[in-house]
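User: Please take a close look at the largest cavity of this structure and at what lines it.

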Amino acid sequence: MTASNGSTGGIVAFQPVRAGNAFEETVEQLLRAVKLGAVPPGQRMPPERELAGTLGVSRDTLREAIRVLAAEGIVESRRGRSGGTYVLKVPAPAKTGGLRDALADLPGGLEDTLVFRRVVETGAAEAAAGRALEPAYRRLLTERLVAAEEADLPDYRLADTRFHLAVAELSGSSALAAAVGEARLRINALLDAIPMLQVNLKHTAVQHERIVAAILGGDPEAARRAMAEHLEGTEVLLRGFLD
């Protein structure tokens, strides 16, 4: 596992598609990468040959999926020496009637989502803290921490997601990292349905710093505990908006 331009795309976002609905699943995989910030706006997706191989689809299928996203203004294909498929923007979350409507569309409901997230994200933090991290990964985690702290409100959700994905990447398990990516997609669908509170963001920044300190300090139990405390705050907030 090697760091590259601070991206977690190869580990978290792109997984082989299943046979039967290759085109639709390819579109979903590309959208997933953009929504998770694995390939953020302004950055280039992996080369076409590499991405088609990772997804297990033909290059024609991949090109058709890219054309769909380009028509929506999400990506842009560029030619020349620095050509490729570049991400232009993150799709706006679908408008809903509120948190309860978002929950109605969520597989398994609230408790299933919260338990799933709690297990995979605390496990990822614990695993990351238990590894001897290369300097590049230590820098990646610190950079994502700072980016989340400095993000403006419109950009915060993406920056926060990229921080959590960095923790997942540092776990050393591609399967666990993919599970964290799925958990983030589910929880973001709920968080997008409630107001973003400035006070809560300040509290979150402190919790993020504790998580990073535990991981970089090589303390798995402290990392698990710090992540659990952080996730519990989100759970309480969501339940509060449901009461």
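Analyst: The account below turns to the cavity, its lining and one helix that contributes to it. This is a predicted model, in which local features need pLDDT of at least 70 and side-chain atom pairs count only at pLDDT 80 or more, while totals for chains, interfaces and linings use all residues. Residues are numbered from 1 along each chain as its sequence is written, and side-chain values use heavy atoms, with hydrogens and water left out.

The structure holds one cavity of 30 Å³ or more, a cavity being a set of points, on a 1 Å grid over the protein atoms alone, where a 1.4 Å probe fits but cannot get out. The space in the largest cavity is about 220 Å³, a volume being the space filled by probe spheres set on the points, which are joined across faces, edges and corners. Lining residues have an atom within 4 Å of a point. There are 20 of them, and Leu-191, Asn-200, Thr-204, Thr-234 and Leu-237 are the closest to the centre.

Two or more lining residues come from each of helix H8 (153-170), H9, helix H10 (198-216) and helix H11 (220-242); helices are DSSP runs of H or I, at least four residues, numbered from the N terminus. H10 gives the most, with five residues. By class, the lining comprises eight nonpolar, eight polar and four charged residues.

Helix H9 covers residues 174-191. Among its buried residues (under 20% relative accessible area, 1.4 Å probe, protein chains only) are Arg-184, Arg-186, Asn-188 and Leu-191.

Technical notes: The expected span of a helix is 1.5 Å times one less than its number of residues. Buried means under 20% relative accessible area, exposed over 50%, partly exposed in between (1.4 Å probe, protein chains only). On a 1 Å grid over the protein atoms alone, a cavity is a set of points where a 1.4 Å probe fits but cannot get out, and a pocket is an open set with protein on both sides within 12 Å along at least five of seven lines; lining residues have an atom within 4 Å of a point. Ala, Val, Leu, Ile, Met, Phe, Trp, Tyr, Cys and Pro count as nonpolar, Asp, Glu, Lys and Arg as charged, and the others, Gly among them, as polar.
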